[in-house]
Each structure stands twice: as C-alpha cells, then as structure tokens.
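Trainee: Could we go through this structure together? I would like to begin with how the chains meet.

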Number of protein chains: 2
Amino acid sequence: MPKALPVLDTTAPVCCSPIAAGPVGEVDALGIALRLKALADPVRVRLLSLILADATTGVCTCDLAPAVGVTEATVSHHLKQLRDAGLVEGTRKGTNVYYRPNAEGLGALCRVIDPGCC
Amino acid sequence: MPKALPVLDTTAPVCCSPIAAGPVGEVDALGIALRLKALADPVRVRLLSLILADATTGVCTCDLAPAVGVTEATVSHHLKQLRDAGLVEGTRKGTNVYYRPNAEGLGALCRVIDPGCC
DNA sequence: TCACGGATCAGACGTACGTCGAAGACGGTG
DNA sequence: CACCGTCTTCGACGTACGTCTGATCCGTGA
C-alpha cells in the first residue's frame with residue numbers, strides 16, 4: 001500500500017459501526033484493516049489463544065516463546081502488535097510482564113466484522 | 001513467514017472452535033490467519049462493505065473499481081482473495097459478474113474471533 | 001463473423017512484514 | 001555494587017503483498 005500514513009491510534013476499540021451497516025470510509029477501513037492485520041498471522045493467533053486460555057492468571061513472554069516455537073524477541077514483537085491493536089494488555093509484575101486479553105477490543109473487532117450476530 | 005506451505009482450502013468456513021476455547025494448533029492458526037489476512041486490507045474492507053450494502057442485488061467489478069479508487073485489475077485481485085477466503089461469492093450474469101457476501105464464511109470467521117458473543 | 005467491453009491473468013516494481021542474533025534497559029538477588 | 005534473568009529494541013535479511021501496465025479470455029451486439 002504505497003499510500004496513506006498509518007498514524008492512527010489503534011489502541012482504541014474500533015470506532016465505527018459494523019461494515020454491514022453501509023459503505024465504510026477510507027480512514028475507518030484503514031483502522032479496521034490495521035486491527036485485523038494485527039491478528040492476521042498464525043503466530044499471533046496462537047499467542048492470543050494461549051493468552052485467552054489463561055485469562056485470569058496471565059501469561060509471560062518467556063512462557064509463550066517456547067509454546068509457539070519462536071524467539072523471545074519475535075514474541076515480544078508480536079505482542080507489541082497485539083498491544084498496539086488494543087487486543088491484549090501487559091502488566092509488569094516484578095521481573096516479568098503478564099499478558100491478558102482485552103475483552104473490549106476483541107469484542108469491538110468481532111462486532112465490526114460480523115454480518116448479523118451479537 | 002519463511003515457513004510452511006499455505007496449501008489449505010480456505011474456501012471452507014473455518015473448521016475449528018473459537019480461539020478462546022483453548023490453545024490453537026499450528027494448522028488451525030494458519031487457516032484462521034489466512035482468512036483474516038484476506039480482510040486485513042483497507043481496500044478489501046471497503047469492497048466487502050460495498051458488497052454487503054447491496055447484498056440482494058449484487059455488485060459487479062466495474063462498479064467497485066471507481067468506488068474504491070483503484071484499477072479494475074486490482075479490484076479483481078482483491079475479490080479473488082475474498083473469494084478464496086470464502087467471504088464472498090461471484091456469479092457471472094452475461095458480461096459482468098455480480099458479487100454477494102457469503103454469510104456462512106463471515107459468520108464462522110466472526111465466531112472464531114469473538115471472546116464470548118454470538 | 002468481427003469488433004467491443006468487462007473480467008481475469010501475467011509480469012514487474014516498490015514497500016511492508018516476520019524472523020533472527022545481538023545489544024540495550026529494567027528489576028531482583030546475592 | 002555486581003550479577004543475572006526477563007523483556008524490549010535495533011539492524012539486517014528474505015519473503016510476501018498491493019499496485020500498476022499490458023495481454024488474454026470470453027460474452028454481447030452490430
């Protein structure tokens with residue numbers, strides 16, 4: 001995409017109404033696409049599923065890395081994407097930081113995509 | 001992603017259960033990611049919203065191209081992605097082909113992503 | 001039958017993305 | 001304070017993706 005500057009605050013839970021409600025403007029489409037892109041990767045899907053599995057306790061980076069089979073650096077990179085998209089939240093507890101899902105962001109994203117549910 | 005061969009039949013409506021239900025396997029994650037990637041583009045989001053807007057009548061490529069401001073070839077390329085992901089369906093009527101949404105595929109995708117809705 | 005127009009394909013170009021190794025930045029512990 | 005484990009940042013490399021122009025297919029209508 002050799003266009004537009006992606007300088008949007010994607011941490012907010014998706015601003016607009018479902019895409020089924022009518023034609024989506026350029027900037028709204030970009031916001032939706034950026035958030036979807038945050039999840040459009042096998043590793044990130046697996047990371048999110050792991051984080052959702054231990055939603056109450058939270059999971060740290062060092063546990064996630066071996067679970068998905070990539071470097072800790074790569075996991076950190078992916079978690080940053082998910083964090084920037086407002087899909088997960090990380091809180092530091094001592095040495096390591098524990099990640100938990102952001103239900104609001106996830107729900108909003110699902111609500112935008114869906115054709116008629118929710 | 002210098003790994004795995006993406007030789008999956010993504011036209012089917014996503015096989016597995018919600019990612020919140022537990023850790024997702026490698027191949028399932030790939031399937032989900034591929035389908036999400038099909039929607040993780042501003043142009044494709046707008047295309048889908050336009051197709052959803054005229055779900056009953058259907059929309060042809062020549063109408064979509066000027067609406068999103070790209071070449072017909074590019075629109076055709078994007079529509080192929082959406083078609084391969086099982087998100088839309090195209091039926092030829094004479095000279096031009098009319099696209100309409102695939103509610104099953106869209107619903108399944110939403111259902112996989114959601115944290116608790118639907 | 002032939003020309004026209006819509007749709008797709010094919011190749012090319014530039015940019016973005018995922019991955020890694022190495023280095024830096026915090027926090028805790030001896 | 002020095003050491004160490006955890007997390008993040010920084011370059012760098014290779015691949016994938018979006019976009020275009022030009023070519024090819026296939027119905028339609030004169």
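Trainee: How many residues of chain A are in contact with chain B?

Mentor: This is a predicted model. In it, 34 residues of chain A are in contact with 34 residues of chain B.

Trainee: Which elements give two or more residues to the side of chain A that touches chain B?

Mentor: They are α1 (26–39), α2 (42–53) and α5 (103–113) of chain A. By class, that side of chain A has 26 nonpolar, 3 polar and 5 charged residues.

Trainee: By what turn can chain A be laid on chain B?

Mentor: A turn of 180° with a shift of 0.0 Å along the axis lays chain A on chain B, with an RMSD of 0.0 Å. That is the relation of a two-fold axis.

Trainee: And through what surface do the copies meet?

Mentor: They meet through the same surface, because 100% of the interface residues of chain A are also interface residues in chain B.

Trainee: Changing topic to the DNA: which residues are the closest to strand C?

Mentor: The closest are C60(B), T61(B), C62(B), A73(B) and N96(B), out of 26 residues that surround DNA strand C. The elements that give two or more residues to this surface are α4 (72–84) of chain A together with α3 (61–68), α4 (72–84) and β3 (96–101) of chain B.

Trainee: Which element gives the most there?

Mentor: Helix α4(B) gives the most to the surface near DNA strand C, with 5 residues. The classes on that surface are 11 nonpolar, 11 polar and 4 charged residues.

Trainee: What about strand D, then: how many residues surround it?

Mentor: DNA strand D is surrounded by 27 residues, and the closest are C60(A), C62(A), A73(A), N96(A) and G94(B). At least two residues each come from α3 (61–68), α4 and β3 (96–101) of chain A and from α4 of chain B. The most come from α4(A), with 6 residues. This surface divides into 11 nonpolar, 12 polar and 4 charged residues.

Trainee: Now the interior. Which residues have the most contacts inside the largest nonpolar core?

Mentor: They are L48(A) and L48(B), in a core of 64 residues. The largest share of this core, 7 residues, comes from α1(A).

Trainee: What does L48(B) touch, leaving out residues up to four places away in sequence?

Mentor: L48(B) touches I19(A), L39(B), L82(B), L87(B) and V88(B). In soluble globular proteins, nonpolar side chains tend to be buried together.

Trainee: I also noticed L79(B). Is L79(B) buried or exposed?

Mentor: L79(B) is buried, because 22 other C-beta atoms lie within 10 Å, and a count of 20 or more is the cut-off for buried. L79(B) lies in helix α4 of chain B. Leaving aside neighbours within four places in sequence, L79(B) is in contact with L47(B), T61(B), V88(B), G90(B) and Y99(B).

Trainee: How far apart in space are L79(B) and E89(B)?

Mentor: They are 9.0 Å apart, C-alpha to C-alpha, and 10 residues apart in sequence.

Trainee: Last topic, confidence. What pLDDT does chain A average?

Mentor: Chain A averages a pLDDT of 88, and 86% of the residues score at least 70. Among the elements of chain A, α4(A) has the highest mean pLDDT (98) and α5(A) the lowest (90). The model scores ipTM 0.89 and pTM 0.89.

Trainee: Where in chain A does pLDDT stay under 50?

Mentor: That is over residues 1–6 of chain A, for which the model has 3 contacts beyond four places in sequence. Where pLDDT is low, the predicted coordinates should not be read in detail.

Definitions and conventions:
Residues numbered from 1 in each chain as written. Chains lettered and ligands numbered in written order. Predicted model: local features only at pLDDT ≥ 70, side-chain atom pairs only at ≥ 80, totals over all residues. Contact = placed C-beta atoms within 7 Å. Helix = DSSP H or I, 4+ residues; strand = E, 2+ residues; numbered from the N terminus. Nonpolar A, V, L, I, M, F, W, Y, C, P; charged D, E, K, R; others polar. Near = placed C-beta within 6 Å. pLDDT = per-residue confidence, 0-100. Core = buried A, V, L, I, M, F, W, Y, C linked by C-beta atoms within 7 Å. Buried ≥ 20, exposed ≤ 12 C-beta atoms within 10 Å, placed from the backbone. Least-squares fit on C-alpha atoms with pLDDT ≥ 70 in both.
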